[in-house]
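Thank you all for coming; I would like to walk you through one chain this morning, starting from a single charged side chain and working outwards. Please have a look at the structure on the screen before I begin.

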Amino acid sequence: MNREAKKIIKEKDSVIKNKFLQKQAIISRAVSSDILISVPPFPKNIMIELTNQCNHRCSFCYNRLSTRKKRNISAKFLVSILKEAYKLGTREVGLYSTGEPLLFKNIEQYIKLAKKIGYEYIYITTNGVLASCDKVKNLISAGLSSIKFSINAATRETYKLIHGKDDFNRVVENLKQIKSFRDENNIKFNIGISYVLTDLNCHEKEYAENTIGKMADDTVFVIAGNQGGYMNNEGISYTGRNTPCSMLFNRFHVSCEGYFTLCCVDYQNYLAVSDLNQTSLKDAWASKIAVDMRNKHLSSNIKGTLCYNCIIGKNSAVKPLVSEYATLV
């Protein structure tokens, strides 16, 4: 890290952390206390990992280092999960997780299916390289409700450092064209940007707000975390999350292998608790391992799990919840 970056971090880090912690507190209060129980009602929101492959190598993200086998979710299994979750009361679906969802072939076909089944809100997050205006037009027609671009720099030079690819101009042009198409046709469709703050890009935060930020409805700045202890994101990092983590109580996560995992960024399946190829969603949600982990969160007794490293900001040795589902590090 150069001297200028260190100075910027020293001046801005405490302010960013305070804003982040205030936001987390608001989110925590927004989680209704009546779901903070061992077996909450089946969630209204589900996230499905279409693929764990990605066409970028972001410096803050563990995907590029993950040793899980790269694969796509089974199309037949995906259809089954969408139908089963809807019958259980789920009404929102995010078709992404640790990988780039637009690498998944015929994604619009499954967005269309989700809409036909009855899902009320369908969303994705993408790095935007493959999100051409024509592509996104098709996704909107299929039923996509919102798209979030992961753009973690405000200049081409910094973008190459963060993303590992020289795609800044292409992504910004895609974003600009999609917004113009949406506005000109008065389409109800949300466009967002997420920007992960690290020591390499924090100095561009204000510039990002005033440039690419003007092309979206919302721009969310997130401080780089350690992603369960896998990443050593120094410079700007945080240890300010609280237990219980809401993910275990109000969202259902499906990995591309077909596992129910307790976290949307479980890169090695250390928090996978059930094989949905053999277990129903309802039984997986109420499984003993899932219940035990919720109770650990409720009692702030999560040491030895991946959750501990994420929440406390450590990189201590942890064990997977079910060894046979995990790819050991």
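**A buried arginine and its surroundings**

Let me start with Arg-182, which has a relative accessibility of 8% and therefore counts as buried. Please keep in mind that what you see is a predicted model, and that the values I quote are computed from it.

Which residue does the side chain of Arg-182 meet in a salt bridge? The partner is Asp-183, with 2.6 Å from N to O. Asp-183 itself is partly exposed, at a relative accessible area of 39%, and this aspartate also forms a salt bridge with Lys-179, where the closest N and O atoms are 2.7 Å apart. Lys-179, at 22% relative accessibility, is again partly exposed, although that figure stands just above the limit, since buried means under 20%. Both Lys-179 and Asp-183 belong to helix 6, with their positions 4 residues apart in the count, which is about one turn of the helix. As a general point, an α-helix has 3.6 residues a turn, so residues three or four places apart point the same way. Taken together, Lys-179, Arg-182, Asp-183 and Asp-217 are linked in a network of salt bridges.

In the whole structure there are 10 salt bridges, and one of them joins the side chains of Lys-205 and Glu-209, at 3.3 Å from N to O. These two residues lie in helix 7, residues 205-210, and they too are 4 residues apart, about one turn of the helix. Here the lysine is the buried member, with Lys-205 at a relative accessible area of 15%, whereas Glu-209 is partly exposed at 32%.

Let me now step back from helix 6 to the sheet that it packs on. The sheet is open, it has 9 strands in the order 6-5-4-3-2-1-7-8-9, and the pairing is mixed. Why do strand 6 and strand 9 each have one side without a neighbour in the sheet? Strand 6 (218-223) and strand 9 (272-275) stand at the edges and have a single partner strand each, so one side of each is left free of a neighbour there. On average, and ignoring direction, neighbouring strands of this sheet are turned by 25° against each other.

Within the sheet, strand 3 (residues 121-126) pairs with strand 4 (residues 146-150) in the parallel sense over 4 bridges, and in that pairing Thr-126 stands opposite Phe-149 in strand 4. Helix 6 (residues 168-184) touches strand 4 and strand 5 (190-197) as it packs on the sheet, and its direction makes about 155° with that of strand 5. Strand 3 also pairs with strand 2, in the parallel sense and over 3 bridges, with Tyr-121 in strand 3 as the bridge partner of Glu-92. Of the 6 residues of strand 3, 5 are buried, so this strand is largely enclosed by the rest of the structure.

Another helix in this region is helix 4 (residues 133-142), where Cys-133, Val-136, Leu-139, Ile-140 and Ala-142 are buried. The buried residues of helix 4 pack against helix 3 (107-117), strand 3, strand 4 and helix 6. Just after helix 4 comes Gly-143, which takes a positive phi of about 130°.

Elsewhere on the sheet, helix 2 (residues 75-87) lies across strand 1 (45-48), strand 2 (92-94) and strand 7 (251-254), and runs at about 175° to strand 1. Which residues have the most contacts inside the largest nonpolar core? They are Ile-48 and Phe-252, in a core of 96 residues. Leaving aside neighbours within four places in sequence, Phe-252 is in contact with a set of residues including Phe-42, Ile-46, Met-47, Phe-260, Leu-276 and Trp-285.

To finish with the chain as a whole, there are 11 helices and 9 strands, and 53% of the 329 residues count as buried. Among contacts between residues at least 6 apart in sequence, 73% join residues at least 24 apart. The accessible surface comes to about 15500 Å², and 48% of that area belongs to carbon and sulfur atoms.

Note on methods: Residues numbered from 1 in each chain as written. Predicted model: local features only at pLDDT ≥ 70, side-chain atom pairs only at ≥ 80, totals over all residues. Heavy atoms only, no water. Buried < 20%, exposed > 50% of the residue type's maximum accessible area, 1.4 Å probe, protein only. Contact = heavy atoms within 4.5 Å. Areas by Shrake-Rupley, 256 points an atom, 1.4 Å probe, with all protein chains shown as cover. Pairing = 2+ DSSP bridges. Axes fitted to C-alpha atoms, helices over the stretch in contact; angles between N-to-C directions. Salt bridge = Lys/Arg side-chain N within 4 Å of Asp/Glu carboxyl O. Core = buried A, V, L, I, M, F, W, Y, C linked by side-chain atoms within 4.5 Å.
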